[in-house]
Each structure stands twice: as structure tokens, then as C-alpha cells.
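Visitor: I am new to this structure and should be grateful for a close look at a single part of it. Please take one region and explain what surrounds it.

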Amino acid sequence: MADPGDLLLRWVSEQGAGTLSDLKQGMWWLAARHCPDIEPGAPGRWLRDALSLAHMDIGWHNRRWCAAPPALTRLPQARGLAVLTGSRTAAFEARLTQVVQDGLVELFRVPSTRPPRDIPLPVSLIVQFDDEAGLVGWAAELGVSYTPCFALQGAALLPPLGLEVRTSKPEFGKPLEQYDLDRREYQPVRSPRGDGLYRLKRRDSKRVCQVLRDGEWYETSHELGVYSVLESQSRDADVLRWLPEKDCGRERYGTLYVDWGYPLPDLHRRVAVMCSGLAPRINAHAENLAYDNVPKIVAVKIADSLGQHLGENDE
């Protein structure tokens, strides 16, 4: 029997698209059968990891999702390695098995480690190849799109941080929470207490995040809201750090560390994940996430896009 993470990706792939509420119900049903001790927030974390691994795309605003088409992309300077992302229907898996048997490339199924109370992630499909021309031909034979290196291309296109979507202020007397940057959590407040990131429920029961800045309200995501507040306060927060590898010739590649409470937005996270093809490592003791094989130029572009200084990790 397939592992729960692979089984869930198969189900998502065969479904193709739908609402987040229906998807989460299906995830809870699967978890009850295979992962009975998962935490309440586990489905949300699985969805964000699946999005980062380019298996699916999610519209958080309209609460819908769709499976991403299969794609192949090289990992940056990873000694002839690429990652195969996207949906995995039964038909696609059968075709993949047949194409791999032809022997043009070697395929490795690599797991991403997650805590016991999280829903397991699907294994990453890492492809080892001899030359790029052969890899392009293999992708064509498999019938998937090929991108030379999404991590480098995506990093170059990261947009600058900004608040654009204006919205109305929260209704007076309705439940309201403000994000505490130091505690890294939302705290209930009776009314807005000046500029900052707030969370509330709208009349349609959707939970939204809004930033108050200079008397104007802007709708945003939690992740972008956190960095918008950091930037506006001119805080040298040092929440993003990068540590180079120690191997000779690998000094320009290393690990990007992101502190808990300051999660990367969806696109930034996908760029970081596509440097290794694996979900970030969770460092509970240090309270951060670690993204491996990240070129320094990519780490700098992520930090610059979020209005942050890239610090040096001392681990």
C-alpha cells in the first residue's frame, strides 16, 4: 500500500480541482485511517508544503485549489539532478515507470521528513541525468513540460513588497486580533491599536488578514502582512539567515533559515523549495525552517523582495 502522503497526492491528482473545504474533509478522512494522531493544523501545513513542492496551486482568497500539471526542472548546481513535480495520476505513474525502464535517467524517491503528528508528504521524485539535452528529450518522451531551473528563474521575478488592495476597516465591536511580532502570534484586541497586522472574520465567515498603515486598511495574506509590518517599522529583525556549505567549490550554495512566526509567502517558499526539491527541514530547537541547496543569489533576492536584510546563521 502507498504511504499516506503519496496516497493523498494520488487522490488530489485524480480529483483535479475543487474547494478547500471539500479537500480538507477528504484529508481528515484519510488521516483517520492512516494518521490518527495528527494535530488540528496538520492539513493546512500539508497543503502549504504541497503548494511549495509544486504539486498543486491554491487560491486562498476564493478557497479553491487545482492540481498542477507535471513538470521537470533542474536543481541549481546539484550535480546533474532535477525534480519531477506536479500531479501523479495512476496513468502518469504507469507512464513514468515505463519511461524510466528505458534507462535514459535514474529516478530516486526521496522523502521529506515531518513530525509524527503531521500528515506525511509525498516522496519527491529526483531525477539524475548526464546532460541537459538528454533530460529535455526525456521530459518530451514522458509528456511533461521542462523548465531549465525554476529556482533561479522564479527568484529573478519575485515582486517587491507592497500593499495594493485597499479594503474597508473592520466592523466595530466584531472580534478582532492583532499579530504580535515578538510573541509571533495573534492576540485579541477590542479595537485597532495603531498600524499593524490584524485578523478578522468577514460577514461571509471567511477569515482574512488586513494591514493598517497610516490610517488606510489593506487586505493581504498573513505572510505578506508580517513582512509588510516588519518593513514599515524599519526593524532589523534578522529573521532570514543564510549559511554557506563547507565543501570546496560550494561556497555560493548553502541553507536558508527562516524563523518561526515569519513564514515565507507562497511564491518565495516555492522558489526556496525548488532549490532542493524537498520540503524545508523543521528545526524545533532553533525554532526555524531550513531550506537546503539555496544559492546565495537566490537567498538575497528572497530577502530583498521581502524588504529584509539577509543575516548570517551561526549554527
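**From a helix to a pocket**

Guide: Helix H3 is followed by Ala54, a residue whose phi is positive, near 65°. This is a predicted model, and Ala54 offers a suitable point from which to look in two directions: back to the helix, and onward to a pocket.

Let us take the helix to begin with. H3 covers residues 42-52, and nine of its 11 residues are buried, so the helix is largely enclosed by the rest of the structure. The buried residues are Ala42, Pro43, Gly44, Trp46, Leu47, Asp49, Ala50, Leu51 and Ser52. Four elements pack against these buried residues: helix H1 (4-15), helix H2 (20-34), strand E2 (56-59) and helix H8 (266-273).

We now turn to the pocket. The second largest pocket holds about 210 Å³ of space. It is lined by 13 residues, and those closest to its centre are Ala54, Ala71, Thr85, Phe150 and Arg270. Two elements give two or more residues each to this lining, namely strand E4 (71-74) and strand E8 (145-147). E4 supplies the largest share, with three residues. Sorted by class, the lining of the second largest pocket consists of seven nonpolar, four polar and two charged residues.

Strand E4 leads in turn to its neighbours. E4 and E5 run antiparallel and are joined by four bridges; Thr73, for instance, has Val83 in E5 as its bridge partner. Strand E5 comprises residues 81-85 and is mostly covered, with four of its five residues buried. E5 also pairs with strand E7 (residues 124-128), again in the antiparallel sense and over four bridges. Here Leu81 has Gln128 in E7 as its bridge partner.

A word on the nonpolar cores completes the view. In soluble globular proteins, nonpolar side chains tend to be buried together. The largest nonpolar core in this model has 63 residues, of which Tyr227 and Leu256 touch the most other members. Leaving aside residues up to four places away in sequence, Tyr227 touches Leu161, Val239, Leu240, Val258, Tyr262, Pro263, Leu264, Pro265, Leu306 and Gln308. Another core, of 16 residues, lies apart from the largest one, and its members include Leu72, Val99, Val123 and Phe129.

To return to the starting point: Ala54 follows H3, and Ala54 is also among the residues closest to the centre of the second largest pocket.

Technical notes. Residues are numbered from 1 along each chain as its sequence is written. This is a predicted model: local features need pLDDT of at least 70, side-chain atom pairs count only at pLDDT 80 or more; totals for chains, interfaces and linings use all residues. Side-chain values use heavy atoms; hydrogens and water are left out. On a 1 Å grid over the protein atoms alone, a cavity is a set of points where a 1.4 Å probe fits but cannot get out, and a pocket is an open set with protein on both sides within 12 Å along at least five of seven lines; lining residues have an atom within 4 Å of a point. Grid points are joined across faces, edges and corners, and a volume is the space filled by probe spheres set on the points. Ala, Val, Leu, Ile, Met, Phe, Trp, Tyr, Cys and Pro count as nonpolar, Asp, Glu, Lys and Arg as charged, and the others, Gly among them, as polar. Buried means under 20% relative accessible area, exposed over 50%, partly exposed in between (1.4 Å probe, protein chains only). Contact means heavy atoms within 4.5 Å. Two strands pair if DSSP finds at least two bridges between them. A nonpolar core is a set of buried Ala, Val, Leu, Ile, Met, Phe, Trp, Tyr and Cys residues joined through side-chain atoms within 4.5 Å.
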